[in-house]
Each structure stands twice: as structure tokens, then as C-alpha cells.
Amino acid sequence: MIALFSAVVVANRGEISCRITRTLHSMGIRSIAVYTEHDRDAKHVQVADAAVLIDSYLSVESIVAAAHAVPGMNADAVHPGYGFLSENASLAEACAAAGITFIGPGVEALEIMGDKIASKKHVTERGVAVIPGIAEPGMTNDDLVAAAAEVGFPLLIKPSAGGGGKGMTIVREPDAVAGALDSARRVASAAFGDDTLFLERLVEKPRHIEVQVLADSHGTIIHLGERECSLQRRHQKIIEEAPSPLLDEATRQRIGEAACEVARSVSYIGAGTVEFLVSDNAPDEFFFMEMNTRLQVEHPVTEMVTGIDLVEWQVRIAAGEKLTVETPTLTGHSVEARIYSEDPANDFLPSAGQIVHLHEAADGSAASAGTTSVRVDSSLVQGGTVSANYDPMLAKVIAHGATRAEALHALDRALADTVILGVTTNIEFLRALLARDDVRAGELDTGLIERALAEIEFATPSPAVLAAAALSIHSHRWMPGSPWQQPSGWRVGQHRPARYRLECAGTVYEVLVAGPPSAADVTINGDTTPARLTSTGIEWGALSIRLAIETEGAHEHSTDGHTVWIAHDGTSWSLTSQGRAESLADHRATLARVAGVVDPELRSPMPGTVVAVAVANGDSVTAGQTVLTIEAMKMEHPVVATLDGVVDISLKPGDLVTRDQIVARIESPQASTEGETS
């Protein structure tokens with residue numbers, strides 16, 4: 001029996017760090033977490049046996065030093081997880097120089113497959129088909145603009161060193177190539193430290209299908225079936241499943257063999273994924289896209305249908321063990337959904353904040369219910385902070401069933417049972433996707449989500465939800481004992497109800513509450529209904545509705561400053577009570593607003609960092625022109641001019657901005673002329 005490691009540095013954060021630590025502990029191996037100041041209280045730090053503060057997750061020196069930073073616990077291996085340094089050959093080389101095992105492939109595989117240009121040439125020589133395009137090192141923007149005409153439109157700009165869809169841009173018109181290249185280079189440089197780009201012909205209605213491989217250092221390579229990852233938005237996977245509903249058994253074998261050949265060509269060791277593009281119109285044809293030389297975010301669906309712990313085998317292979325598993329028979333079906341901290345109803349803008357209430361469908365490996373099971377890989381803790389400094393993915397919910405329909409149903413119910421209050425999430429959006437007929441029929445492609453967005457209607461707060469929010473604030477103000485400290489609205493004759501103005505997603509709702517929160521009459525839009533808060537929600541008339549309710553910023557005698565978070569069946573709302581000053585300001589703004597007049601003030605749609613300023617102070621701009629670009633949670637968002645005029649801006653790249661902060665103003669020539677005339 002080959003000795004395994006005594007301790008492993010998990011060179012990552014979030015849910016993947018927690019997931020790796022779980023397997024290490026099951027194998028009797030101690031884990032050392034790394035963390036930055038932003039993550040000092042994070043769950044992955046809490047569940048590890050020890051933790052080391054580092055300056056950056058991208059620092060090779062800090063990761064290697066962490067192996068010997070804990071007294072009495074020298075680590076003899078580093079597991080990079082995914083993202084960050086997981087596909088960085090410099091980390092593997094630094095580990096080797098320090099006598100530490102890198103739990104991943106060799107440098108040759110990392111270097112060849114980490115370069116998308118080199119990898120395509122490499123696999124072509126091994127007889128694996130690739131998508132037509134231009135992939136030459138050192139191409140300038142002018143070179144790429146000229147090459148775009150040869151590739152043809154529509155085309156896809158892709159970073160050579162990247163993954164996860166970052167920097168990938170679809171271009172349909174020649175005039176848009178130059179601007180798209182600038183943005184793609186900026187994203188690639190920030191995300192990967194390498195701004196090399198290449199071009200590919202865009203395959204319309206493609207399916208994204210990837211194959212999981214395992215390879216040991218003794219020459220054995222197997223594949224563990226494929227995963228369907230076609231449900232993507234902005235090239236970022238959202239829902240994944242195994243096996244693919246598209247492939248027949250013959251194609252499954254062929255694509256699996258092709259993946260093994262790709263791995264064999266670089267003497268691959270460990271767990272890896274070979275990604276293919278498959279046309280929905282020709283499902284027996286597939287084209288190599290790239291190889292991810294690491295664990296994938298979506299690896300749990302493969303684990304669920306094979307019963308194989310991929311992290312365990314990564315560790316065993318790195319320790320020198322021979323593979324003792326064979327290409328498995330896939331059992332049942334598994335589907336995974338990624339929960340992101342973002343607002344789908346507001347162009348998926350990132351959301352940050354503190355988790356004030358948390359309930360997850362399952363905790364850890366699996367929770368069984370009949371023929372289905374649910375697993376949650378998460379780094380969330382109640383009271384924890386979701387930072388704008390890192391990727392917005394919070395957790396993954398994975399369901400398994402005997403059939404695809406069973407797995408989809410189990411996943412939907414698990415999402416409905418998930419409550420995350422304090423930040424806005426995409427859970428409602430995920431459930432809407434799973435409910436679509438084309439998704440349930442397995443009729444998928446990478447553009448489906450973009451087409452579906454216009455058809456998805458996000459729920460507005462119902463009267464019961466509005467009543468629950470108002471009653472929650474009312475209960476915080478209702479002091480027991482003294483009638484002078486209760487918002488009873490006491491008057492001689494008929495009492496006056498308490499008035500609450502609740503803002504939710506830009507809309508203000510007015511709710512009147514008469515009486516104590518245990519037995520109140522609530523009036524909304526002229527309709528009065530008896531209601532009371534309960535420990536599990538609200539009794540609304542004859543209905544008992546289960547709600548998760550959490551109130552922030554409560555002050556005993558004040559009506560303003562409260563934010564009430566409410567969740568129901570996977571949908572959540574943030575309702576903030578307006579005080580008198582806010583109500584008057586809104587009213588005055590309404591009176592001053594002229595129909596058809598565009599707001600000249602440009603505001604940041606999210607907290608983040610200015611990464612580019614496209615104009616100088618005093619420049620003339622036209623409506624729709626990009627003024628500056630803000631980045632948060634690895635997403636760029638352009639802020640555009642709302643009208644023609646002269647821009648007033650003082651921000652520069654690197655400046656931090658808050659949500660709704662005024663970042664620029666546009667003065668129209670007409671306004672300027674009128675001012676001079678007067």
C-alpha cells in the first residue's frame with residue numbers, strides 16, 4: 001500500500017475548498033486552508049485543520065510557503081481546486097522545487113493545454129477534429145481584425161490562456177471587432193495575466209459536452225462518461241447534467257475515446273476534462289474546444305452517476321497509486337444548479353452583503369428521499385459576508401434520480417427549499433429554467449438562456465409578502481407593556497393605522513397596519529385583511545403561508561431604515577421601509593420629472609472597481625456611447641451615456657465605486673445654451 005499524504009494545502013477558497021477538505025478528512029489526511037483578509041471568517045477556514053493568511057490566492061510563493069507555515073503540520077502536497085492557480089504551470093514547478101507534490105497533471109500537460117492555441121494544433125496532429133478559426137501566437141489587434149474576415153461571421157473571440165467563459169465575446173459584424181478585442185484583452189489580462197487572443201467560427205445552436213477522464217502515472221487512462229453543460233449565460237455554465245440527453249451510446253463511446261486520446265497525447269496524470277462542441281443538428285459530430293487540466297465546478301454530477309469520488313482519486317493518483325476503477329456504467333441521472341449572488345431581474349448585476357438567514361436543502365454529501373438524493377456543495381454560513389472581490393458563485397445544488405425527470409424534479413424541490421437572505425440570488429431564475437418545456441425535453445443549446453430571458457417573468461411581492469414585511473417592522477416597534485411605546489395609532493374614536501412605505505426593486509408599496517402584530521388588520525390597495533405573524537410565516541386571512549422572514553436595521557420607534565428579507569418557494573425579496581424624508585424626496589422627484597426627459601446623471605449599477613474610462617472630462621459623447629467600465633465579481637459592466645452632450649467625469653481606473661454612486665454627468669448642449677440665454 002502506497003502511503004498517502006499527511007497534510008495537504010488546499011490552495012483555493014469557497015465551496016471547492018470545503019469540498020476538498022471533506023474528502024481529505026474522510027481519507028484521514030489533514031487540511032491546511034489559505035485565506036485573505038476578505039475571507040478571515042469564511043467557512044473554508046473554519047472546516048480546515050489549520051489556516052494560513054496569504055496576500056493573494058494568485059501568489060505562488062504564498063501557497064508554497066503555506067505548506068510549512070503551520071508548526072508541527074508540514075504539508076507534503078498542494079491541491080489547487082479550480083480557478084486561480086489550478087492550471088498554472090508555475091505552481092506545479094514551484095511545488096516540485098520545494099519537494100511538495102502538486103495534485104494535478106505534469107508541467108507538459110499544463111503548458112500545452114493551458115494555451116488554447118497550442119492545444120488545438122496539438123490535438124489536430126492526433127486526429128481530433130477542431131473548430132475552424134485563426135490561432136497564432138503574438139497576433140496584434142490589427143492582425144486579428146484582418147483575420148476576422150477570413151474566419152467569417154459570426155465569430156468568437158477567446159483568450160488563449162483562459163477558461164470559464166471570461167473574455168469570450170461573440171462578434172456578428174466587422175465594425176464591432178476592434179472594440180470587442182480591446183475588452184477581451186483587458187479581461188484576459190486581468191483574469192489570467194495573459195492577453196493573447198484567438199478567433200473561432202461561431203457554431204450556431206451548439207451543445208457544450210465535456211468528458212471526464214482519469215489517468216494514473218502507470219499508463220492507465222479511463223473516461224467516466226460525459227456531462228452536458230449547454231445551459232450557459234455569457235459562456236458561464238449554470239446548469240449541468242450527466243449523462244447528456246443528446247448522445248447515443250455509439251457517440252458516447254467515440255467521444256470518450258477521443259477524450260482519452262487527448263489526455264494520452266500529453267501524458268496526462270490525474271483528473272481532467274476534455275470539452276467538445278457538438279452541433280444540435282448533427283449530434284454524431286464533435287469538435288475539440290479545450291482541455292481543463294483540473295477539477296471542474298460541475299464534477300459532482302459525474303460523481304453521482306458513477307459513485308466515484310474524483311477528489312479521492314486525484315489524491316491517490318498524485319501519491320502514485322494505480323487506478324483500480326474501470327470505465328463505469330452510468331447509473332441514473334444527475335443535474336447540478338449553480339447558485340450565484342446576482343440579480344437576474346436587474347441584468348444579473350452582482351450582489352454583495354451579509355447572509356442574515358440560511359437554510360440549505362442538504363448539508364454535505366447526500367440526503368436521500370426515495371429513489372432521489374440531493375447534495376449541496378457550499379461555503380455559506382449564517383452571518384458570513386459575500387464579498388464583491390471574488391466570483392459570485394455561492395453554492396451548488398446537485399440532485400440524482402433514477403431518470404432525468406426524477407433528477408430535475410428533485411433539483412427543483414431542493415432549490416425551492418433553499419433560503420439565502422441578505423443577498424440577491426438567482427434561485428428563482430434557476431427554477432424558471434428548470435420549468436421550461438425545452439429544458440425538460442433535453443432540447444438544449446448554449447444560446448437557450450439568452451433567448452429565454454425575455455420570456456421569464458420575475459415575481460413581485462404578493463399582498464401576503466407585503467403584509468409580512470410591514471408586520472415584521474411593526475412587531476419591532478411594538479414594545480410590550482407601555483401603550484406609549486406602541487404604534488397603536490390610538491385616537492378618540494377610530495384608531496389611526498400605522499403607515500409603512502416599502503420599496504422593492506424600485507417600486508414603492510404602501511401598507512396600513514391597525515392593531516398589534518399578533519392580530520392586525522392590514523390594508524393594501526384599499527383591501528383590508530386580518531393577519532398575524534407566526535413562527536413560520538404569516539396567517540393571511542384564511543391562509544397560512546410559510547415564509548422565511550428576517551429584518552435588518554430594526555429600531556424600536558422608527559419606521560425607516562428597516563430592510564426585511566422574505567423568501568418563499570425559492571423566490572426572495574428585499575423590502576426597505578421609507579421614512580418621511582425619503583418619501584418626500586421621492587414625491588418631489590416625481591413632481592420635478594418631465595415625461596421624456598433622460599436623467600443626465602450616470603450611476604454605478606453595482607459596487608465595484610473602475611477598470612476603464614473611455615472618455616476624458618469635457619469630451620463630447622453620444623447616447624449609448626460607453627463612458628466607463630466597472631468590474632465586480634469578475635464581471636465587467638459598461639456605463640453608457642444616456643444622451644448626447646458633454647461629459648463631466650473625474651474617476652480613473654482603479655477607483656472604487658458604490659452602488660448608485662454618481663460616476664459621471666452629461667450636460668446637453670441644449671441645456672448649456674439655455675443657461676447662457678438666461
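**Exercise 1. The nonpolar cores**

Task: Find which residues have the most contacts inside the largest nonpolar core, and which elements supply it.

Solution: The largest nonpolar core has 37 residues, and those with the most contacts inside it are Ile 239, Ile 339, Val 397, Leu 411, Leu 415 and Ile 420. Here a nonpolar core is a set of buried Ala, Val, Leu, Ile, Met, Phe, Trp, Tyr and Cys residues joined through side-chain atoms within 4.5 Å, where buried means under 20% relative accessible area, exposed means over 50%, and partly exposed lies in between (1.4 Å probe, protein chains only).

The next step is to look at the elements: at least two residues of this core come from each of strands S12 (236-242), S15 (333-340), S21 (372-378) and S23 (393-401), and from each of helices H12 (404-416), H13 (427-434) and H15 (448-452). Helices (H or I, at least four residues) and strands (E, at least two) are DSSP runs, numbered from the N terminus. Among these elements, H12 gives the most to this core, with six residues. Another core, of 30 residues, lies apart from it and includes Ala 7, Val 9, Ala 42 and Ala 50.

The model is predicted, so local features need pLDDT of at least 70 and side-chain atom pairs count only at pLDDT 80 or more, while totals for chains, interfaces and linings use all residues. Residues are numbered from 1 along each chain as its sequence is written, and side-chain values use heavy atoms, with hydrogens and water left out.

**Exercise 2. The surroundings of one core residue**

Task: List which residues Ile 420 touches, not counting residues up to four places away in sequence.

Solution: With contact taken as heavy atoms within 4.5 Å, Ile 420 touches Ile 339, Ile 355, His 357, Leu 358, Leu 380, Thr 425 and Ile 427. Of these partners, Ile 339 is also one of the residues with the most contacts inside the largest core.

**Exercise 3. Salt bridges**

Task: For the salt bridge of Arg 19 and Asp 309, state where each residue lies and whether each is buried or partly exposed.

Solution: A salt bridge is a side-chain nitrogen of Lys or Arg within 4 Å of a carboxyl oxygen of Asp or Glu, and the structure holds 41 of them. In this one, the side chains of Arg 19 and Asp 309 meet at 3.0 Å, N to O. Arg 19 lies in helix H1 and Asp 309 in the loop between helix H10 (299-306) and helix H11 (310-318), so the pair ties together parts that are 290 residues apart in sequence. Arg 19 is buried, at a relative accessible area of 2%, whereas Asp 309 is partly exposed, at 22%.

For a second case, take Asp 39 and Arg 13, whose side chains meet in a salt bridge at 2.6 Å, N to O. Asp 39 lies in the loop between strand S2 (30-35) and helix H2 (43-47), and Arg 13 in the loop between strand S1 (7-10) and helix H1 (14-26), 26 residues apart. Both Asp 39 and Arg 13 are buried.

**Exercise 4. Paired strands**

Task: Determine how many bridges join S28 to S29, and how many join S29 to S30.

Solution: Two strands pair if DSSP finds at least two bridges between them. Three bridges join strand S28 (residues 527-533) to strand S29 (residues 537-540), and these strands run antiparallel; the hairpin joining S28 to S29 passes through three residues. Four bridges join S29 to strand S30 (residues 543-546), again antiparallel. As an example, Ile 538 has Ile 545 in S30 as its bridge partner. In the hairpin of S29 and S30, with two residues between the strands, Gly 541 takes a positive phi near 65°.
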